Number of protein chains: 2
Amino acid sequence: MAQDRRTVIMEAAARLIARRGVRGLRIEELAAEAGVSNGLIYYHFKDRAGVLRATLEFINNRAERYTAEHVAAEHLADPRAVLEQTLLLEFQDTAEVRENSTAWGELRASAMFDVLLRADLAEATRVWDGEVADLIAAVLPAVPGDRALEAAQRLTALLEGLSGRWLSEGLTLDRARALILGAIDGELDALGRV
Amino acid sequence: MAQDRRTVIMEAAARLIARRGVRGLRIEELAAEAGVSNGLIYYHFKDRAGVLRATLEFINNRAERYTAEHVAAEHLADPRAVLEQTLLLEFQDTAEVRENSTAWGELRASAMFDVLLRADLAEATRVWDGEVADLIAAVLPAVPGDRALEAAQRLTALLEGLSGRWLSEGLTLDRARALILGAIDGELDALGRV
DNA sequence: GTCTATAGTATGATAGAC
DNA sequence: GTCTATCATACTATAGAC
């Protein structure tokens, strides 16, 4: 099916953000990448900030979708396997994952100086932390909610840190995967011992 | 002592980078912040990239100094206390720490799109990981080096992740401190059990 | 909805006086 | 070394035709 222009623009924005960063995103360049006119972008998104907001949401939805798809495709019954796969999914050398991770890192960095981005990013982070906490609770039902959330926040924050190092060539993919697996192991071990 | 203009400008640049980011640094605004003229900045630093290069070096030197000073000032007999304080040092709401953490985050983010930055950043990361691994080895001398380094990488990567969330207002300072302390606890526990 | 053309402005950089 | 004044351009955003 032919995609509507709005989606085409957001896909192009995701690619461009992965290549040049949020700071390097130019409306004119985005128009060229998407194969549309300059003006159309303003028609659909109002202004540059609107493009960024929509693209963040788009990337988020896409990430959720591929996570769900992947978990479903693998027929993962074991809750621990679901937890591991969900986090490992962020360390794959595919265009989509690279785009998502890069864009996420960029948005995080931009939010340090852009108050408007903060609310959306904080909310997305809250949801993501909650989902991981739920996965932990599925593995260890006896663990109190606040302890599960604490472990989840550490795992997702670690994931962001490792992702940043991977994308800046400070860490190999295999090493990043090993480190996150070790962290899951450690957190579950500690929680299980309570 | 009265500082020379060059230093005054770099100090002002550090403040502005913490407020607006590397990309948000405007020469005109920098001139106002430093209390000098527009042209003087070009006289001393040649161009915008020159300002950035000099300022990042300036910030790096300053960070090394305050870390060394702080660890020396607190009479730290207990190796574990040294490890905890070293990592907690990055979670303080002081201008210097904020400026340094912000600049580090900016550097990491920029390295994703700038190949030239990667080598320096990777080396700095390697040194930092090694120092933390040494601190872990001081707490638990029986632990093999590769296990200590693994734990160290997880802790420093987690620190970067938490730092990003703190600076983008996604996490309170207290929460970040609690999470990193919990991680130190978990890593040392796991290593001690081997 | 989509395009072309352009206005408005912010910003990096330079020239030249002192 | 330092300042004022100004140029050149890159970028966001809007207007108006189709």
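Across all chains of this predicted model, the count of salt bridges comes to 31, a salt bridge being a side-chain nitrogen of Lys or Arg within 4 Å of a carboxyl oxygen of Asp or Glu. One of them links B:Glu106 to A:Arg23, with 2.8 Å between the closest N and O atoms. B:Glu106 belongs to helix H6 (residues 95-111) of chain B and A:Arg23 to the loop between helix H1 (5-20) and helix H2 (27-34) of chain A, so this pair joins two chains. Helices (H or I, at least four residues) and strands (E, at least two) are DSSP runs numbered from the N terminus.

Residues are numbered from 1 along each chain as its sequence is written, while chains are lettered from A and ligands numbered from 1 in the order in which they are written. Local features need pLDDT of at least 70 and side-chain atom pairs count only at pLDDT 80 or more, whereas totals for chains, interfaces and linings use all residues; side-chain values use heavy atoms, with hydrogens and water left out.

The protein surface near DNA strand C was examined next. A residue is near a strand if one of its heavy atoms lies within 4 Å of it. There are 14 residues around DNA strand C, and A:Arg5, A:Ser37, B:Arg26, B:Ile27 and B:Tyr42 come nearest. Sugar or phosphate supplies 70% of the atoms of this strand within 4 Å of the protein, and bases supply the rest. Polar contacts (pairs of N or O atoms within 3.5 Å; within protein, one must be able to donate a hydrogen and the other to accept it, and residues adjacent in sequence count only if both atoms are side-chain atoms) involve phosphate oxygens of the strand. One such oxygen is 2.5 Å from an N or O atom in the side chain of B:Arg26. For the side chain of A:Tyr43 the corresponding distance is 3.3 Å, and a polar backbone atom of B:Arg48 is 2.9 Å from a phosphate oxygen. Helix H3 (38-45) of chain A and helix H3 (38-45) of chain B each supply at least two residues of this surface, and the largest share, 4 residues, comes from H3(A). By class, the surface has 6 nonpolar, 4 polar and 4 charged residues. In this scheme Ala, Val, Leu, Ile, Met, Phe, Trp, Tyr, Cys and Pro count as nonpolar, Asp, Glu, Lys and Arg as charged, and the others, Gly among them, as polar.

Around DNA strand D there are 13 residues, of which A:Arg26, A:Tyr42, A:Arg48, B:Arg5 and B:Ser37 come nearest. Of the atoms of this strand that come within 4 Å of the protein, 72% belong to sugar and phosphate. A polar side-chain atom of A:Arg26 is 2.9 Å from a phosphate oxygen of DNA strand D, and a polar side-chain atom of B:Arg5 is 3.3 Å from one. The backbone also takes part: a polar backbone atom of A:Ile27 lies 3.1 Å from a phosphate oxygen of the strand. H3 of chain A and H3 of chain B each give at least two residues to this surface, with the largest share, 3 residues, coming from H3(B). The surface near DNA strand D comprises 6 nonpolar, 3 polar and 4 charged residues.

Annotations from UniProt, given in the numbering used here with shortened feature names, may be inferred rather than shown by experiment. An unreviewed UniProt entry places "domain: HTH tetR-type" at residues 3-63 of chain A. This stretch, residues 3-63 of chain A, is 79% helix and 0% strand, with its end C-alpha atoms 18 Å apart. The annotation "DNA-binding region", also from an unreviewed UniProt entry, covers residues 26-45 of chain A. Residues 26-45 of chain A are 80% helix and 0% strand, and their end C-alpha atoms are 14 Å apart.
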